[in-house]
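Reader: I have this protein up on my screen and would love a close look at one part of it, the place where its two halves meet. Could you walk me through that, and then show me what else is worth a glance along the chain?

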Amino acid sequence: MFCVREVTDNLYWVGGNDHRLALFENIHPLTKGVSYNSYLLIDGSKTVLFDTVDWSVCKEFLANIEYVLDGKKLDYLVINHLEPDHAGSIEEVLLRHPEAKVISTEKGFMFMKQFGYDVAEEKKIQVKEGDTQTFDKHTIAFVEGPMVHWPEVMLSFDTANGVLFSADAFGSFNALDGKLFNDEVNFDRDWIDEARRYYTNIVGKYGQFVQALLAKAAPLLPQIKFICPLHGPIWRNDFAYLLDKYNRWSAYIPEEKGVLIVYSTMYGNTEYAAQALASKLCQKGITNVKVCDASNTDTSWLISDTFKYSHVIIASVTYNLEIYPKIKTYLHDMKMLNVQNRTFAVLENGSWAPTAGDLISEFLDEEMKMINVLDPIVTVNSSLNKDKESDLDDMVDAIVESVNKTSIDVE
């Protein structure tokens with residue numbers, strides 16, 4: 001049996017979907033699965049496979065390949081990205097098709113060797129930026145995309161049909177489940193949050209490299225008819241929407257003017273303060289507010305929402321004279337993923353020695369860049385009492401003023 005869809009004339013999706021994987025890269029929760037995309041081109045007398053899939057779906061993948069080949073040999077295997085969720089089936093493909101030549105970059109072949117994928121020297125075709133490879137009627141132009149998000153990454157552009165094989169760029173969490181194209185789903189409703197979470201947690205650190213790649217790819221845009229990533233749907237229209245998102249994320253420009261409130265609480269008192277802040281913000285007209293408990297919201301979602309909103313309130317209980325561990329993890333991930341161009345406000349809680357606020361503010365000031373921290377820190381002692389209402393009002397007023405002054409225009 002097979003599970004194949006045609007992308008355009010003589011180009012087929014031969015990948016697989018995985019609903020059994022609980023953690024992507026063994027860290028980021030998957031709620032609706034993930035797809036591993038691979039593409040097979042039948043170019044007259046030549047056949048070309050673009051990337052492979054994770055080992056978990058290798059059996060189905062091989063069946064899909066054999067169905068499309070229909071007895072033909074496999075002439076070429078193009079490897080754009082060596083991460084194992086895409087390269088995990090290289091060896092299995094070559095065992096079945098030893099005649100295939102492998103096309104990749106110098107670093108790509110180095111990583112193949114490191115992962116133990118044995119490719120005979122006479123079967124290697126090493127390419128670099130600006131090189132082309134003609135098969136039959138199709139010519140592929142290669143564009144290097146280092147650190148998007150590994151150093152060996154390249155993109156392959158088919159000049160004959162306008163297909164850009166974009167590696168991990170423009171990918172998303174979620175399994176495809178039969179739907180292959182962006183216009184077969186309601187992307188803005190059902191996919192954008194997972195696309196953002198994928199980008200911000202996997203590629204977010206490397207915004208400058210994504211910006212460089214977007215600039216490099218700009219001359220190709222009039223020719224591009226399909227964007228084929230290694231995860232998620234294929235784009236065949238509405239490129240402006242997708243490129244705007246990537247431009248914002250990689251330039252660390254918020255998508256929306258609004259407030260994310262991330263809190264930690266042990267007995268509910270800090271949560272109550274966070275809810276009071278949310279209520280006051282909405283009363284003042286700032287209704288684009290999201291409240292998240294850091295203890296039961298995975299950090300990957302917190303990071304995604306931090307990239308989305310212009311303002312963040314961190315409300316942390318003091319724990320062993322330190323920042324609450326879940327908030328500390330969130331802060332560490334923000335630093336690691338290069339979050340910037342955001343405005344923060346800080347609320348702390350402590351019954352006998354509240355210290356979390358100063359520590360959070362110090363971290364934001366000294367460990368991160370292009371971050372604005374509003375004054376003052378609001379301190380709650382044990383629980384929110386009437387005497388703290390004016391402090392909350394002052395914080396809300398400062399946030400409202402800042403939100404109203406914020407511009408999220410892309411230059």
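How many salt bridges are there between domain 1 and domain 2?

Author: Happy to take you through it, with one thing said up front: this is a predicted model. The number of salt bridges between domain 1 and domain 2 is zero. Let me build up the picture around that count.

The domain assignment splits the chain into domain 1, residues 5-237, and domain 2, residues 259-402. Eleven residues is what you might want to find on screen to begin with: the contact draws 11 residues from domain 1 and 12 residues from domain 2. Measuring over C-alpha atoms is done by computation here, and the centres of the two domains come out 39 Å apart. Between them, domain 1 and domain 2 bury about 1000 Å², and carbon and sulfur atoms account for 56% of that area.

Although the salt-bridge count across this contact is zero, there are polar contacts to look at: five residue pairs, both partners at pLDDT 80 or more, are in polar contact between domain 1 and domain 2. On the side of domain 1 that touches domain 2, β5 (28-29) and α5 (187-203) each provide at least two residues. The most comes from α5, which gives six residues to that side. Sorted by class, the side of domain 1 that touches domain 2 holds five charged, four polar and two nonpolar residues. So if you colour α5 on your screen, you will have picked out the element that gives the most to this side of domain 1.For a contrast with the contact, look at the whole structure, where a search finds 22 salt bridges. One you can inspect is formed by the side chains of E92 and R96, at 2.3 Å from N to O. These two residues sit about one helical turn from each other because they are four residues apart in helix α3, residues 90-96.

Turning to domain 2, UniProt, in an unreviewed entry, places the feature "domain: Flavodoxin-like" at residues 259-400. That span is 43% helix and 26% strand, and its end C-alpha atoms lie 9 Å apart.

Some backbone details are worth a look too. In the loop between β13 (139-144) and β14 (154-158) you will find H149, which is joined to V148 by a cis peptide bond with omega of about 5 degrees. M147 is in the loop between β13 and β14 as well, and its phi is near 65 degrees, a positive value in a residue other than glycine.

Another cis peptide bond joins D375 and P376, with omega of about -10 degrees. P376 lies in the loop between β22 (371-373) and β23 (378-380). Further along, S382 is in the loop between β23 and α12 (389-405), with a positive phi near 75 degrees.

Technical notes: Residues are numbered from 1 along each chain as its sequence is written. This is a predicted model: local features need pLDDT of at least 70, side-chain atom pairs count only at pLDDT 80 or more; totals for chains, interfaces and linings use all residues. Side-chain values use heavy atoms; hydrogens and water are left out. Domain bounds come from an automatic or database domain assignment. Contact means heavy atoms within 4.5 Å. Buried area is the accessible area (1.4 Å probe) that two parts lose on being put together, summed over both. A salt bridge is a side-chain nitrogen of Lys or Arg within 4 Å of a carboxyl oxygen of Asp or Glu. A polar contact is a pair of N or O atoms within 3.5 Å; within protein, one must be able to donate a hydrogen and the other to accept it, and residues adjacent in sequence count only if both atoms are side-chain atoms. Ala, Val, Leu, Ile, Met, Phe, Trp, Tyr, Cys and Pro count as nonpolar, Asp, Glu, Lys and Arg as charged, and the others, Gly among them, as polar. UniProt positions are given in the numbering used here, feature names are shortened, and annotations may be inferred rather than shown by experiment.
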